[in-house]
Amino acid sequence: MPETKIFSGSNTPFLAESIAKAYGQSLGDLTLAKFSDGELSPSYNESIRGCNVFLIQSTNPSADNLLELCLMIDAAKRASAYKVCAVIPYFGYARQDRKDRPRVSIAAKLIANMLTSAGADRIMTCDLHAGQIQGFFDIPLDHLNGSAIFVPYLKSLELGNLIFASPDVGGVGRTRAYAKHFEVDMVVCDKHRKRANEVASMQLIGDVEGKDVVMIDDLVDTAGTICKAANIILDKGANSVRAIATHGVLSGKAYENLENSNLSELVITDTIPIKQESSKIKVLTVADLFAKAIHAVEGNTSISSLFI
């Protein structure tokens with residue numbers, strides 16, 4: 001079998017080290033140089049000829065993270081790597097997955113084309129904003145699920161009157177999967193936006209009185225939605241409310257919003273490095289999940305066991 005080598009981009013080095021350690025080896029030697037004008041120049045400091053190369057890099061904005069990954073892929077292909085797998089814990093630009101108004105880009109499809117054109121043979125990611133983005137790729141894509149990490153944590157809390165909530169209609173399918181696994185009910189927060197990152201109105205569909213509510217989402221950006229939803233849920237008589245989201249984008253006034261919110265906690269993963277500590281934020285790692293997936297890909301075995 002070809003030798004496996006794992007390399008990290010500059011966006012998530014700590015996570016990459018944890019994945020490599022969980023896999024059972026150290027990260028490969030890669031230099032990520034920058035010219036004075038910001039131009040990126042990655043280079044491998046060891047032979048990768050004939051190797052299966054796994055490149056770990058979340059592609060959250062700025063766009064440098066995405067371009068850096070594309071350059072790493074291109075450099076690996078030109079160095080005669082056997083196969084190149086882009087491991088993208090957080091797949092950026094996934095919120096632009098369709099034309100929801102005239103004259104806009106379908107950015108998720110563009111990014112898929114860029115990664116494929118750069119030379120990626122396989123993509124590995126976690127909790128895409130929309131599952132149909134998998135269809136934008138004509139190469140294999142392993143779509144991991146954060147529930148494998150969150151479900152054990154939720155069980156450890158031993159919440160007596162558990163109920164799940166979707167912060168918007170688009171997340172109903174994701175929330176229903178949790179509710180089905182725990183054999184409990186779910187409610188929905190129906191929201192309306194005037195513009196991106198700004199919720200104009202919201203109402204709760206379902207009964208939460210006397211319940212311990214867990215909101216499920218794929219990402220938290222400014223935290224405006226979940227904080228507003230938490231207030232509405234508590235006003236309707238819930239005992240407590242916490243939120244779970246795989247990707248902690250946490251931009252703008254997110255940290256301030258969370259600290260001033262009625263949320264018991266926000267549980268996220270380390271697919272994106274957090275910018276500051278917060279008493280309301282708990283971070284779980286996806287390192288073991290990705291390491292097991294890499295083992296499965298290398299051994300040509302199923303990854304079904306990684307799903308709850």
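Contact here means heavy atoms within 4.5 Å. The legends below describe close-up views of a predicted model.

**View 1. Helix 2 packed against helix 3 in the predicted model.** From helix 2, the residues in contact are Leu-66, Leu-69, Cys-70, Ile-73, Asp-74 and Lys-77, and their partners in helix 3 are Ile-111, Met-114, Leu-115 and Ala-118. By class, these residues comprise 8 nonpolar, no polar and 2 charged. The packing angle is about 25 degrees, and the axes of helix 2 and helix 3 lie 8 Å apart. Angles under 35 degrees count as roughly parallel, and helix 2 and helix 3 are therefore roughly parallel to each other.

**View 2. The salt bridge between Asp-121 and Lys-77.** The side chains of Asp-121 and Lys-77 come together at 3.1 Å, N to O. Distant parts of the chain are linked by this pair, whose members are 44 residues apart. Lys-77 belongs to helix 2 (residues 63-78), while Asp-121 sits in the loop between helix 3 (107-118) and strand 6 (122-126). Side chains of opposite charge can pair when their charged atoms come close. In the whole structure, 10 salt bridges are found. Lys-77 is also among the helix 2 residues that meet helix 3.

**View 3. Two backbone features in the loops on either side of helix 2.** The peptide bond joining Pro-61 and Ser-62 is cis, with omega of about 25 degrees. Ser-62 lies in the loop between strand 4 (52-56) and helix 2. Another serine, Ser-80, is placed in the loop between helix 2 and strand 5 (83-88). Ser-80 has a positive phi, near 70 degrees, in a residue other than glycine.

**View 4. Helix 1 crossing helix 8.** Helix 1 (residues 13-23) packs on helix 8 (residues 287-298) at an angle of about 55 degrees, and their axes are 8 Å apart. Helix 1 and helix 8 are therefore oblique to each other. Their crossing is right-handed. On the helix 1 side the contact is made by Leu-15, Ser-18, Ile-19, Ala-22 and Tyr-23. On the helix 8 side it is made by Ala-287, Asp-288, Phe-290, Ala-291, Ile-294, His-295 and Glu-298. Sorted by class, the contact of helix 1 with helix 8 holds 8 nonpolar, 2 polar and 2 charged residues.

**View 5. Helix 4 packed against helix 5.** The axes of helix 4 (residues 147-157) and helix 5 (residues 172-182) are 12 Å apart, with an angle of about 45 degrees between the helices. That angle makes helix 4 oblique to helix 5. The crossing of helix 4 past helix 5 is right-handed. Ser-147, Phe-150, Val-151, Leu-154 and Lys-155 of helix 4 are in contact with Tyr-178, His-181 and Phe-182 of helix 5. This contact is made up of 5 nonpolar, 2 polar and 1 charged residues.

**View 6. The span of residues 5-119, as annotated in UniProt.** An unreviewed UniProt entry assigns residues 5-119 the feature "domain: Ribose-phosphate pyrophosphokinase N-terminal". In the model, helix makes up 34% of the span and strand 22%. The C-alpha atoms at the two ends of the span are 17 Å apart.

Methods:
Residues are numbered from 1 along each chain as its sequence is written. This is a predicted model: local features need pLDDT of at least 70, side-chain atom pairs count only at pLDDT 80 or more; totals for chains, interfaces and linings use all residues. Side-chain values use heavy atoms; hydrogens and water are left out. Axes are lines fitted to C-alpha atoms, for helices over the stretch in contact, and angles run from 0 to 180 degrees between N-to-C directions. Helices (H or I, at least four residues) and strands (E, at least two) are DSSP runs, numbered from the N terminus. Angles under 35 degrees count as roughly parallel, over 145 as roughly antiparallel, 65 to 115 as roughly perpendicular and the rest as oblique. A crossing is left-handed if the near helix is turned anticlockwise from the far one by less than a right angle, and right-handed if clockwise. Ala, Val, Leu, Ile, Met, Phe, Trp, Tyr, Cys and Pro count as nonpolar, Asp, Glu, Lys and Arg as charged, and the others, Gly among them, as polar. UniProt positions are given in the numbering used here, feature names are shortened, and annotations may be inferred rather than shown by experiment. A salt bridge is a side-chain nitrogen of Lys or Arg within 4 Å of a carboxyl oxygen of Asp or Glu.
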